[in-house]
Each structure stands twice: as structure tokens, then as C-alpha cells.
Amino acid sequence: MSRRALRRLRGEQRGQEPLGPGALQFALHDDDDAEEEGPKRDTGGRRPRGAGKEGVCINNRFELINIEDLEEGPVVNGERADRLLTDTVVSGDRRRSQSGGADTKKAGDVADAAAPPEQSTISGKLRKKKKKQKNKKNTTGEILENGLEDIDRILERIEDGSGSSRPGPPPLSAKRHVLYVEHRHLNPDTELKRYFGARAVLGEQRPRQRQRVYPKCTWLTTPKSSWPRYTKPGLSMRLLESRNGLSFFAFEHSEEYQQTQHKFLAAVESMEPNNIVVLLQTSPYHVDSLLQLSDACRFQEDQEMARDLVERALYSMECAFHPLFSLTSGTCRLDYRRPENRSFYLALYKQMSFLEKRGCPRTALEFCKLILSLEPDEDPLCMLLLIDHLALRARNHDYLIRLFQEWEAHRNLSQLPNFAFSVPLAYFLLSQQADLPEQELSSAREQASLLIRQALIMFPGALLPLLEYCSVRPDATVATHSFFGPDAEISQPPALSQLVSLYLGRSHFLWKEPATMSWLEENVHEVLQVVESGDPAVGACESRRKVLYQRAPRNIHRHVVLSEVKEAVAALPPDVTTQSVMGFDPLPPLDTIYSYVRPERLSPVSHGNTIALFFRSLLPNYSMEGERLDDGGAGGLNHNQGLNRLMLAVRDMMANFHVHDAEVAREDSPEGDGEWD
């Protein structure tokens with residue numbers, strides 16, 4: 001290592017040692033940037049002490065950090081211990097220039113007195129040259145120091161910057177919004193690294209990702225080298241309006257994408273998955289085709305392919321984002337009534353489900369917050385029925401409690417069975433943590449007991465099914481009591497039974513801990529005492545149950561269909577189970593906003609004559625496919641094939657039609673039609 005590097009590591013500068021007689025011996029060169037000789041050392045080969053602040057201050061022009069700044073105090077997060085860096089840049093430079101000039105002048109006088117006149121003249125010229133270089137260096141250093149800022153402060157300024165000049169999200173307060181989404185938690189690898197380490201998670205992915213270059217970096221998913229090369233499929237996003245600090249966006253389909261969408265709908269109606277595969281060969285990033293084929297792969301137990309298709313759909317939609325669309329701010333809205341936006345909702349929900357099954361509840365919680373932030377007032381996929389479950393699985397109890405405290409006033413979250421039971425469970429689990437003060441632990445335990453009693457009084461029909469799920473046999477006092485007995489479950493409205501079944505089918509395993517069960521048992525006996533004492537709150541809750549849960553809204557039915565919880569699906573009303581539910585658009589809103597309409601499919605029979613239409617109305621098996629015009633010739637209609645097809649259809653009708661069946665049936669039952677016993 002050179003002497004210059006050693007001096008810079010030590011924080012020393014050239015020419016700061018005390019000068020002895022004959023020390024200033026300089027060789028004049030034609031080049032102004034010639035290298036100076038090293039400082040003199042004593043006989044022991046060691047540098048004299050006290051060489052930091054005394055002597056002639058000949059600064060190194062390449063040194064941008066002054067040793068006086070380093071000696072003033074340590075720098076912490078871009079600030080000194082006594083004042084900010086930006087406040088001391090100008091004053092520090094002035095002070096250093098003045099003190100440096102005084103020291104230089106004083107040391108120069110001493111040197112002039114001690115050195116011969118010839119050396120004094122040479123040193124004076126050198127000092128003038130160094131003074132000019134020092135002035136240039138101070139100017140450059142001042143500009144550089146003024147430009148240095150703390151990285152954290154820059155990031156906060158970017159996140160908290162006001163978007164008043166453009167229709168973006170409004171500035172965030174010091175306390176982030178309850179639906180604020182963190183980018184790093186959208187990546188499942190972040191959560192898996194905490195469990196298994198970075199080497200186990202990213203060991204095999206790094207070489208693969210270098211094989212192909214993708215157009216942009218995405219947050220929702222990581223593109224894979226096995227995917228087809230990305231080309232814009234005709235999907236885009238536009239800004240509709242901005243009001244009250246919210247930005248409303250909508251996806252748009254180009255004409256080419258609309259044609260692909262029409263082909264996709266025809267492939268779905270054919271009930272043949274291979275038709276969708278053929279469509280994806282020509283349009284590999286068509287979103288609805290990817291989602292529909294993902295469901296088909298999932299039904300065939302090919303989970304890896306199903307997840308890969310959903311990730312590809314998310315990548316296609318993220319590449320179409322508007323520049324002002326933000327995933328994290330919680331102020332960007334997408335109207336679910338527009339069919340183009342529903343694909344994004346469903347892709348996020350399916351990705352969230354795969355992440356939960358993969359063992360990444362923290363990442364799934366972040367996706368759930370993202371879906372809820374797109375339209376929190378309407379909540380088209382009813383994510384409020386799921387967010388508590390993911391928060392408990394991710395052990396993010398503070399977030400669940402905060403969401404309940406902030407939204408209870410205007411959303412009545414306590415009227416949902418899942419929040420009524422999950423929030424006290426979060427308080428109880430928080431009271432079991434040993435790293436909290438004793439006062440906070442006792443306060444959390446009291447709040448948990450208070451809320452679980454209110455939940456048991458409001459939803460008594462959930463207790464026995466919960467104990468049955470947990471394989472716990474209740475005692476005779478609870479099982480035979482009229483408040484918690486079988487009558488409580490039977491008497492509750494069907495809509496409430498559906499919500500309870502959904503919660504228990506999804507979150508019952510969170511209650512299986514022995515400490516949780518003992519705490520629940522204590523509060524059940526407390527509730528029985530309240531019921532036997534004739535508390536008026538019991539009757540008020542019963543009246544409220546009959547009024548509030550008469551019929552579930554459509555978004556709850558949509559959530560139940562997507563959740564695939566068997567107990568909740570079995571409780572769906574008949575008007576939902578009898579209609580066809582498509583995986584790419586389950587239970588669409590009744591007030592859908594269409595931006596374009598699918599053209600009517602022209603049936604080949606409509607081009608036929610009156611006789612053909614008549615036979616078509618009578619014979620479902622009869623078609624005019626054999627009577628179409630041949631594309632390659634001008635032979636006209638193939639009358640022989642049409643006649644043969646007509647005869648086959650007539651024979652089929654006559655073989656299945658029996659007139660005497662009705663008379664035989666009437667003779668067998670002389671009493672006529674009557675009611676069944």
C-alpha cells in the first residue's frame with residue numbers, strides 16, 4: 001500500500017508535520033501536478049507526534065474530507081451529534097478557510113525566518129499555488145457536501161411527497177394508512193428467506209433470471225425464463241378522474257384484445273380446455289385465458305402449473321399499469337363493475353390463495369390489503385371476511401387490532417362473526433407475549449375477555465360447532481343450556497349460519513391451543529352467569545340478529561364461491577347454486593358497466609329457408625352444417641347431406657316419441673295426481 005493511502009486512512013494530510021531546518025526542500029518541475037516528496041521522519045523511522053494541527057498546512061488537492069470535520073464529532077444518519085450537516089457546511093468552510101489562512105501565514109513566517117532566502121521565495125510561490133488549489137477545492141467540496149443527503153430522508157420525501165401538482169395519491173401522514181402496502185412484503189421470497197435463508201430460496205433462481213431480459217421490473221411477481229417472450233397484448237390502463245385525494249383508474253382493451261376476448265368466450269362456451277390452450281398459443285398473455293386455464297389445472301391437481309399461469313396473468317396486467325397507479329398508497333381505485341378490472345381482482349385473489357397454501361401468510365396478508373384498497377367501500381370480493389384470518393396466521397396481531405379500532409365506528413366490524421371472534425383472540429395472543437410490560441399484558445387480557453363475552457352473547461350458535469371442530473367435548477352445563485345448545489344454531493338466520501360456517505371452516509385450527517381453550521372456557525361460564533341474571537343486552541343481541549342477517553349481499557356469495565370452503569358453499573341459497581358460475585367472472589355485478597359489447601354470433605340456420613328454420617325448431621339434433629357453402633367451390637348447397645341429416649333427425653325423434661306412454665301412466669294411477677306422503 002502506498003504512503004498516500006496510509007496517510008488517508010490515518011486521516012493525515014501532507015505537510016502538517018513540524019518543520020525543521022532545511023525541511024522545505026522542493027524541486028521545481030514544469031508540471032504543476034508533480035508529486036511531492038514524502039514527509040521527513042525522525043531517526044527512529046516514526047512520525048513525530050502532534051503532527052495533526054501544527055506546522056504548515058499544505059492541503060492535498062485530492063482530499064475532499066478535512067480532518068477537522070472528522071475531529072468535531074461523529075456523524076450519525078447524515079447528521080452530527082450537535083447539529084445538522086447542512087447547517088455547518090458553509091460556516092465550517094469559512095471557519096476552516098480563515099483558520100487555515102491564519103495558520104498558513106503564521107507557519108509561513110516561521111518558515112521564512114528559519115529558511116534561507118532562496119528557499120523562502122520558493123516556498124512562497126508554492127504556498128500561492130496551493131492557496132489557489134485550496135480555494136478551488138473548497139468550492140467543489142461545498143457543492144458536493146450540499147448535495148449529500150441522508151438516504152432515509154430522501155426515501156421518506158419520496159413516499160411522503162405531496163402530489164398536489166399531479167393527480168396522484170395525496171401525501172401520507174407520519175402514521176401510515178391502515179391499507180398501506182409494503183413493496184417488500186409483496187414478494188414471497190422475502191418471507192421464505194426468514195424461514196429458510198437466502199441461499200436456500202435464491203440459490204437456483206439467480207442463474208435462470210440472467211438468461212432473458214424482461215422489459216420492466218415488477219412487484220407482484222417475478223418473470224420466469226420459461227415464459228413466452230412478452231409482447232404487448234393490447235391491454236392498457238387510463239386515469240378516469242381524481243377527486244378528494246383519490247385516483248380512479250380503469251383497464252382498457254384494444255381492438256385486437258377485444259377480438260381475443262371474443263374468441264375466449266367462445267372457447268369457454270365450448271367447454272373444452274384445449275380450445276383455451278390453442279388460444280394461448282397465439283395470445284400467450286391474455287389474462288382471462290390464463291385464469292380460466294389455471295382453474296382447469298387446479299382441478300386436475302396440477303398446482304404448480306396453475307400458480308405459474310396466475311403469475312403470468314399478473315405480470316401481463318402489471319406491465320399495463322398507468323404511471324400514476326400506485327400499489328402501496330391505498331388511494332388508487334378500480335371499479336369492479338367494469339369487466340376489464342375484474343380480471344385484476346381475481347388474479348390477485350388467486351395469487352393470494354396460492355401464497356397462503358404455500359405457507360406465506362404475511363405475503364398473502366399484503367395481497368389481501370391490496371385487494372381491499374382498490375375499492376374499500378364496496379369491497380366486491382368481501383376481503384373483510386378473510387383479512388383477520390391472514391393477520392392471525394401471520395401473527396400480525398397489532399395490525400388486526402388497529403384495523404378494528406379504526407374501522408369499527410363506520411363499518412361495524414363487530415357485527416361480522418369473524419371479527420367478533422378474531423379480535424379478542426388477537427388480544428389474548430398479544431397478552432401471552434413475554435416481551436411486553438406487565439401493565440400492557442394485563443390490559444390486553446382484560447380487553448380480550450370483554451370482547452369474547454360480547455361475541456358469545458351476539459353469536460351463541462358458533463360455540464358448539466367451534467368445539468366440535470377442535471375435537472373438544474363441552475361440559476354438561478354448556479351442552480344442555482338453552483342459550484348455547486343445539487337450538488341456538490338452528491334458530492339463527494341462514495345468512496348468519498353461512499358467515500359462521502365460513503369462519504369456522506377457515507379459522508377453527510387457531511383455537512386449538514390448550515391455553516386458548518382454557519381462556520375460552522372461563523369466559524363461557526361468565527356468559528352463562530350473565531344470561532341467567534337476565535341482562536337486557538342478551539335480548540338486544542337476539543333482536544339484532546333477526547334484523548341484520550336476513551339475506552347476505554352478493555359480494556359475500558361471491559367470496560364464498562371463491563373461497564371454496566365446503567361448509568360455506570353448502571349454505572349458499574338456491575338462487576346462487578342454480579346459476580352457472582364462471583371462474584373468470586363469478587357472480588358478476590348486476591349493474592355492470594360495459595365499455596364494449598360482444599357481437600351476436602350469427603347462427604348458420606338464420607341464412608336458411610323457412611323449412612330449415614321449422615325443422616330446427618322441432619329437432620334439436622338437426623343442423624345446417626352440411627348445407628353451408630363450400631369455401632373453395634361454387635357448387636352451392638349440398639342437398640344430399642342436408643337431406644340425410646334431416647332424415648336421421650326425424651328418425652331419432654320418432655324413436656324417442658311414444659304416444660301411449662301418457663295413457664299407460666294414467667291407467668296405473670287412477671287416483672290422479674296428488675300430494676306425496
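Let me start at Leu 220. Leaving aside residues up to four places away in sequence, Leu 220 touches Leu 186, Leu 314, Glu 318, Phe 321, Leu 327, Phe 344, Leu 348, Gln 351, Phe 367 and Leu 370. Please keep in mind that this is a predicted model.

Where does Leu 220 sit in the wider picture? Leu 220 belongs to the largest nonpolar core, which has 126 residues. Leu 220 is among the residues with the most contacts inside that core, along with Phe 344, Phe 419, Phe 421, Trp 511 and Leu 520. Another core, of five residues, lies apart from the largest one. Its members include Trp 227, Tyr 285, Tyr 315 and Cys 319.

Now the chain as a whole. The protein has 677 residues, and 43% of them count as buried. About 39,600 Å² is exposed, with carbon and sulfur atoms supplying 52% of that area. Taking the contacts with a separation of 6 or more, 70% are between residues 24 or more positions apart.

As for secondary structure, there are 30 helices and five strands. Three of the strands form an open sheet, in the order E3-E4-E5, with mixed pairing. Strand E3, residues 235–243, and strand E5, residues 332–334, each have a single partner strand, so each has one side without a neighbour in the sheet. From one strand to the next, the twist averages 35°.

Last, the pairing of E3 with E4. Strand E4 covers residues 246–253, runs antiparallel to E3 and is joined to E3 by eight bridges. Which residue in E4 is the bridge partner of Arg 238? That is Ala 250.

Definitions and conventions
Residues numbered from 1 in each chain as written. Predicted model: local features only at pLDDT ≥ 70, side-chain atom pairs only at ≥ 80, totals over all residues. Heavy atoms only, no water. Helix = DSSP H or I, 4+ residues; strand = E, 2+ residues; numbered from the N terminus. Buried < 20%, exposed > 50% of the residue type's maximum accessible area, 1.4 Å probe, protein only. Contact = heavy atoms within 4.5 Å. Areas by Shrake-Rupley, 256 points an atom, 1.4 Å probe, with all protein chains shown as cover. Pairing = 2+ DSSP bridges. Axes fitted to C-alpha atoms, helices over the stretch in contact; angles between N-to-C directions. Core = buried A, V, L, I, M, F, W, Y, C linked by side-chain atoms within 4.5 Å.
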